[in-house]
Amino acid sequence: MPVISGRYWNMVHGANPDEVRQDKEGMQNMRILAKNMAYYLKMKEAAAKAGITEPEPEEIEYTNFIR
């Protein structure tokens, strides 16, 4: 499962939208996260067009560790 990251914790701080907009660091991280997500989606689409498919999921084998 892909994990799309930003630069730091993906959050902004503020009690209302105006305060959130003042969190410059948080807003920058959200922009970076959005760009990384858009890049991933474009790469996934390009891979599908090139015939590269996602791996087939394996059947889960459950183990009972209680012996």
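A salt bridge, in the sense I will use today, is a side-chain nitrogen of Lys or Arg within 4 Å of a carboxyl oxygen of Asp or Glu. What we have in front of us is a predicted model, in which local features need pLDDT of at least 70 and side-chain atom pairs count only at pLDDT 80 or more, while totals for chains, interfaces and linings use all residues. Residues are numbered from 1 along each chain as its sequence is written, and side-chain values use heavy atoms, with hydrogens and water left out.

How many salt bridges does the structure hold? There are four, and I will go through some of them in turn.

Let me begin with R21 and D18, whose side chains meet in a salt bridge at 2.7 Å, N to O. These two residues are three apart in helix α1, residues 17–22, and are therefore separated by about one helical turn. When I say helix, I mean a DSSP run of H or I with at least four residues, numbered from the N terminus. It helps to remember that an α-helix has 3.6 residues a turn, so residues three or four places apart point the same way. As for accessibility, buried means under 20% relative accessible area, exposed means over 50%, and partly exposed lies in between, with a 1.4 Å probe and protein chains only. On that scale R21 is partly exposed at 48%, whereas D18 is exposed at 51%.

Now to helix α2, which covers residues 24–49 and has 26 residues. From its first C-alpha to its last it reaches 38 Å, close to the 38 Å expected at 1.5 Å a residue, where the expected span is 1.5 Å times one less than the number of residues. Which residues of α2 are buried? They are G26, N29 and L33.

Within α2 we also find a salt bridge between E45 and K49, with the closest N and O atoms 3.6 Å apart. Both residues lie in this helix, four residues apart, which is about one turn. E45 is partly exposed, with a relative accessible area of 46%, and K49 is exposed at 68%.

After α2 comes G51, whose phi is positive, near 85 degrees. Finally, K44 forms a salt bridge with E54, the closest N and O atoms being 3.1 Å apart. Because K44 lies in helix α2 and E54 in the segment after α2, this pair ties together parts that are 10 residues apart in sequence. K44 is partly exposed at 40%, and E54 is exposed at 52%.
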